[in-house]
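User: I would like to go through this model by question and answer. Please keep the replies short and end each on the value or name asked for.

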Amino acid sequence: IDQSLKAAGAKRTDIVKMTIYLTDIGDREAIARARTDYHEGHMPASTGLVVAGLVIPDGKVEIESIALY
């Protein structure tokens, strides 16, 4: 996410919405902690979804972020 933001001239605080896709609901708490740490007080809106699988076969999480800058 940071590389994409930097390439666009944006920063973490420009993220306004995240969609998080999980393959295991048991990972929700760990992802929530990581998201809190990543955003350092700036919490964009978010949606979490449990899915049967991701494009990367062994993937456990996929995150889509929308930034306005």
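**Pocket, sheet and selected residues**

The lining of the largest pocket consists of Ile20, Leu22, Ile25, Arg28, Ile31, Ala32, Arg35, Ser46, Thr47, Gly48, Leu49 and Val50. The elements that each supply two or more of these residues are strand E1 (15–22), helix H2 (28–39) and strand E2 (45–50). The model is a predicted one.

User: Which element gives the most residues to the lining of the largest pocket?

Analyst: The candidates with two or more lining residues are E1, H2 and E2. Ser46, Thr47, Gly48, Leu49 and Val50 are among the lining residues. With five residues, the element that gives the most is E2.

User: How much space lies in the largest pocket?

Analyst: By class, its lining has seven nonpolar, three polar and two charged residues. Arg28 and Arg35 are among the lining residues. The space in the largest pocket is about 190 Å³.

User: In what order do the three strands of the open sheet lie?

Analyst: E2 and E3 stand at the edges, each with a single partner strand, so each has one side without a neighbour in the sheet. E1 pairs with E2 in the parallel sense over six bridges, and with E3 in the antiparallel sense over seven bridges. The pairing in the sheet is therefore mixed, and the order is E2-E1-E3.

User: By what angle are neighbouring strands of this sheet turned against each other on average?

Analyst: The sheet is open and is formed by three strands. With direction ignored, the average turn between neighbouring strands is 15°.

User: What angle does the direction of H2 make with that of E1?

Analyst: H2 packs on the sheet and touches E1, E2 and E3. The angle between the directions of H2 and E1 is about 155°.

User: Which residue in E3 is the bridge partner of tyrosine 21?

Analyst: E1 and E3 pair in the antiparallel sense. On the other pairing, E1 with E2, threonine 19 stands opposite threonine 47. For tyrosine 21, the bridge partner in E3 is glutamate 62.

User: How far apart in space are alanine 67 and valine 16, C-alpha to C-alpha?

Analyst: Alanine 67 is found in strand E3 (residues 61–67). Not counting residues up to four places away in sequence, alanine 67 touches Leu5, Asp14, Ile15 and Val16. Alanine 67 and valine 16 are 51 residues apart in sequence, but their C-alpha separation in space is 5.4 Å.

User: Why does alanine 67 count as partly exposed?

Analyst: The class partly exposed runs between the buried limit, under 20%, and the exposed limit, over 50%. Alanine 67 falls in this class because its relative accessibility is 25%.

User: Which residues does alanine 45 contact, leaving aside its neighbours within four places in sequence?

Analyst: Alanine 45 is found in strand E2 and counts as partly exposed because its relative accessibility is 45%. Alanine 45 and isoleucine 15 are 30 residues apart in sequence and 8.8 Å apart in space, C-alpha to C-alpha. The contacts of alanine 45 are Val16, Lys17 and Met18.

User: What is phi of glutamate 40 near?

Analyst: Glutamate 40 has its place in the loop between H2 and E2. Its relative accessibility is 65%, so glutamate 40 counts as exposed. Phi of glutamate 40 is positive, in a residue other than glycine, and is near 45°.

Key
Residues numbered from 1 in each chain as written. Predicted model: local features only at pLDDT ≥ 70, side-chain atom pairs only at ≥ 80, totals over all residues. Heavy atoms only, no water. 1 Å grid on protein atoms, 1.4 Å probe; cavity = no way out; pocket = protein on both sides within 12 Å on 5 of 7 lines; lining within 4 Å. Points joined across faces, edges and corners; volume = space filled by probe spheres on them. Helix = DSSP H or I, 4+ residues; strand = E, 2+ residues; numbered from the N terminus. Nonpolar A, V, L, I, M, F, W, Y, C, P; charged D, E, K, R; others polar. Buried < 20%, exposed > 50% of the residue type's maximum accessible area, 1.4 Å probe, protein only. Contact = heavy atoms within 4.5 Å. Pairing = 2+ DSSP bridges. Axes fitted to C-alpha atoms, helices over the stretch in contact; angles between N-to-C directions.
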